[in-house]
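Trainee: I would like a close look at one part of this model, the long helix that sits in the nonpolar core, together with what surrounds it. Please take it step by step.

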Amino acid sequence: MPTDCSWGRYPAVLDQRSVALNDRSAPIPAFEGTALPYGNGRSYGDSCLNPGGTVLRGRGLDRFMEFNPATGILRCEAGVTLSEIIELALPQGWFLPVTPGTRHVTVGGAIANDVHGKNHHRAGTFGHHVLAMELLRSDGERISLSPGEPSGMFEATVAGLGLTGVITWASLQLRRVPGPWMEVESIRFANLDEFFQLSSQSAPLCEYTVAWIDCLASGDALGRGHFLRADHAPGDRRPSPKPSGLAMPIVPPLSLVNKLTLRPFNWLYYHRQRQKRRRDFSHYAPYFYPLDGIANWNRMYGPRGFLQHQCVLPPHVARDAVAEILREISRSGSGSFLAVLKEFGDRPSPGMLSFARPGTTLALDFPNDGHEVFRLLDRLDRVVADVNGALYPAKDARMSGMLFRQAFPRWEDFSRHIDPRFSSGFWRRVME
Ligand SMILES: Cc1cc2nc3c(=O)[nH]c(=O)nc-3n(C[C@H](O)[C@H](O)[C@H](O)COP(=O)(O)OP(=O)(O)OC[C@H]3O[C@@H](n4cnc5c(N)ncnc54)[C@H](O)[C@@H]3O)c2cc1C
């Protein structure tokens with residue numbers, strides 16, 4: 001049996017069977033043990049893995065069913081990727097209402113993690129834009145779901161981690177855009193206080209806000225970085241950029257991201273922009289999906305892969321908790337290649353287990369260098385738990401069941417909606 005893993009390449013799973021789904025009107029094919037839908041494997045940890053069981057590969061459900069260019073309502077199968085939606089809809093003046101930092105995720109995966117993007121403060125999560133969907137259960141039952149239905153199954157399936165059944169198709173409300181270009185302003189900020197000021201000034205003005213921070217800076221420069229705020233812009237500026245064609249061809253024997261490379265990377269990235277503010281036009285692809293420019297970039301972390309730690313911290317304590325997390329990282333001598341900071345808005349998420357909630361989210365990537373990184377991540381978890389924050393299941397491979405249950409208090413209500421034949425590595429771990 002081949003080795004399977006998710007985007008973080010940790011954990012690796014040897015004993016997982018796989019069954020392809022190609023026909024939305026057919027029942028789920030026979031499978032052994034428990035089953036779990038699998039989209040495009042862009043989750044980082046074990047929420048899309050099912051060791052000892054079967055994964056139901058849904059990319060074959062890739063048909064568009066209906067698109068109305070007057071209303072922007074799209075009905076498509078759940079294995080369609082966000083990239084395919086953009087190709088269809090953008091030439092007709094429509095774009096995704098919410099998009100994560102990669103376009104290579106499926107509609108089913110985006111719903112099952114209720115993903116968020118840089119416009120959370122305006123648009124909420126992906127689930128807010130789902131008008132209807134169909135759920136196929138292991139006993140062959142098909143359930144039509146729409147927001148507000150009384151059984152609770154819609155709320156359980158949005159952010160349902162694939163555990164309530166297979167989403168076969170969904171109907172989505174897209175958003176109008178004037179074209180493929182973005183007007184982007186990049187502002188260098190000196191520390192965390194400046195980040196929070198910029199974020200609250202920018203949220204009412206701009207649709208998209210996010211910041212990259214230098215997680216190795218300390219003292220007065222703790223949390224310095226670049227704040228990016230953007231809006232869709234009208235006009236045909238230049239020809240669309242061609243795909244870069246760059247790819248990480250092999251898995252190097254050691255992680256290329258390590259203590260030696262992280263410090264200069266963070267320093268150079270912070271100093272790449274000399275002036276305090278820069279305004280520019282950017283094509284949507286490098287703006288929303290900078291990492292998609294290098295295929296298989298996750299291989300650069302070497303054979304042991306990497307771990308992502310994405311938390312959300314409640315508003316009144318976020319500043320101090322982010323500072324504490326950055327100090328822990330600095331003390332440990334390790335660092336993160338990507339450190340992304342964003343303030344979420346107040347719109348309540350539609351899923352029982354949705355991650356996005358009011359507060360500040362910080363996402364960090366760490367090479368898997370063994371015990372050291374696991375000990376550091378446990379210390380970061382304690383900061384998150386002490387302020388009643390949460391970790392993002394889509395990015396997690398190791399949080400404790402206790403932290404999960406504290407951060408997602410509706411888990412018991414959710415459990416009643418799980419398909420009795422469905423399970424995942426993540427779910428078994430956090431329920432232990
Ligand atoms: C570079 C990068 C950037 C990212 N940026 C963000 C970001 O900004 N915001 C954010 O929220 N996330 C982000 N993510 C995470 C990613 O958006 C989510 O993990 C997403 O859910 C992955 O979708 P997928 O199609 O690859 O699904 P998988 O990873 O294969 O599966 C994800 C979950 O969906 C379930 N699932 C898949 N298909 C179905 C189906 N048909 N029916 C029911 N359940 C199903 C699976 O069981 C699993 O629980 C990022 C990931 C990467 C690699």
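Mentor: What follows starts at one helix and works outward to the core, the sheet, the ligand shell and a few backbone details.

The model is predicted, and the values below are computed from it. The helix to start from is α8, residues 315-332. Its 18 residues should span 26 Å at 1.5 Å a residue, and the C-alpha atoms at its ends are 26 Å apart, so the expected and computed spans agree. After α8 comes Gly333, with a positive phi near 80°.

Which residues of α8 are buried? They are Ala318, Ala321, Val322, Ile325, Leu326 and Ile329. An α-helix has 3.6 residues a turn, so positions three or four places apart point the same way. The buried residues of α8 pack against two helices and three strands: α5 (192-202) and α9 (371-386), with β17 (306-313), β18 (339-344) and β19 (359-367).

The largest nonpolar core has 116 residues. Its residues with the most contacts inside the core are Leu56, Ile111, Met133, Ala170, Val322, Ile325 and Leu391. The largest share of this core, six residues, comes from α8. Val322 and Ile325 are thus on two lists, the buried residues of α8 and the residues with the most contacts in the core. In soluble globular proteins, nonpolar side chains tend to be buried together.

The strands that α8 packs against, β17, β18 and β19, belong to an open sheet of eight strands in the order β15-β11-β13-β12-β18-β19-β17-β20, with antiparallel pairing. Its edge strands are β15 and β20 (390-391), each of which pairs on one side only. Toward the β15 edge, β11 (181-189) pairs with β13 (225-233) in the antiparallel sense over nine bridges. β11 is also joined to β15 (277-283), again antiparallel, by seven bridges. Glu185 has a bridge partner in each of these strands: Arg229 in β13 and Arg279 in β15. Arg188, for its part, has His226 of β13 as its bridge partner.

Trp212 is in strand β12 (208-213). It is partly exposed, because 18 other C-beta atoms lie within 10 Å and a buried residue needs 20 or more. Leaving out residues up to four places away in sequence, Trp212 touches Gly225, His226, Ala339 and Val340. His226 is thus a contact of Trp212 and the bridge partner of Arg188. Trp212 lies 26 Å from Asn40, C-alpha to C-alpha, and the two are 172 residues apart in sequence.

Back in the core, Ile111 is another of the residues with the most contacts. Apart from neighbours within four places in sequence, Ile111 is in contact with Phe126, Gly127, Val130, Met133, Thr157, Val158, Ile167 and Ala170. Among these contacts, Met133 has Leu145 of β8 as its bridge partner. The two strands concerned, β7 (130-136) and β8 (142-145), pair in the antiparallel sense over four bridges. Their hairpin has five residues between the strands, and Gly140 takes a positive phi near 95° in it.

The ligand has 32 residues around it, of which Gly39, Gly108, Gly109, Ala112 and Gly162 come nearest. At least two residues of this shell are supplied by each of β2 (35-38), α2 (107-112) and β9 (166-173). α2 gives the most, four residues. By type, the shell divides into 16 nonpolar, 15 polar and one charged.

Some backbone details remain. Most residues other than glycine have a negative phi, and most peptide bonds are trans. Ala159, in the loop between α4 (153-157) and β9, has a positive phi near 65°. Ala159 counts as buried because it has 27 C-beta neighbours inside 10 Å. Leu161 lies in the loop between α4 and β9 as well, and its phi is positive at about 55°. Leu161 is also buried, with 26 other C-beta atoms within 10 Å. Elsewhere, a cis peptide bond with omega about 0° joins Tyr10 and Pro11, and Pro11 lies in the segment before β1 (17-20).

Technical notes:
Residues are numbered from 1 along each chain as its sequence is written. This is a predicted model: local features need pLDDT of at least 70, side-chain atom pairs count only at pLDDT 80 or more; totals for chains, interfaces and linings use all residues. A residue is near a molecule or strand if its C-beta atom, placed from the backbone, lies within 6 Å of it. Ala, Val, Leu, Ile, Met, Phe, Trp, Tyr, Cys and Pro count as nonpolar, Asp, Glu, Lys and Arg as charged, and the others, Gly among them, as polar. The expected span of a helix is 1.5 Å times one less than its number of residues. A residue is buried if 20 or more other C-beta atoms lie within 10 Å of its own, exposed if 12 or fewer, and partly exposed in between; C-beta atoms are placed from the backbone. Two residues are in contact if their C-beta atoms, placed from the backbone, lie within 7 Å. Two strands pair if DSSP finds at least two bridges between them. A nonpolar core is a set of buried Ala, Val, Leu, Ile, Met, Phe, Trp, Tyr and Cys residues joined through C-beta atoms within 7 Å.
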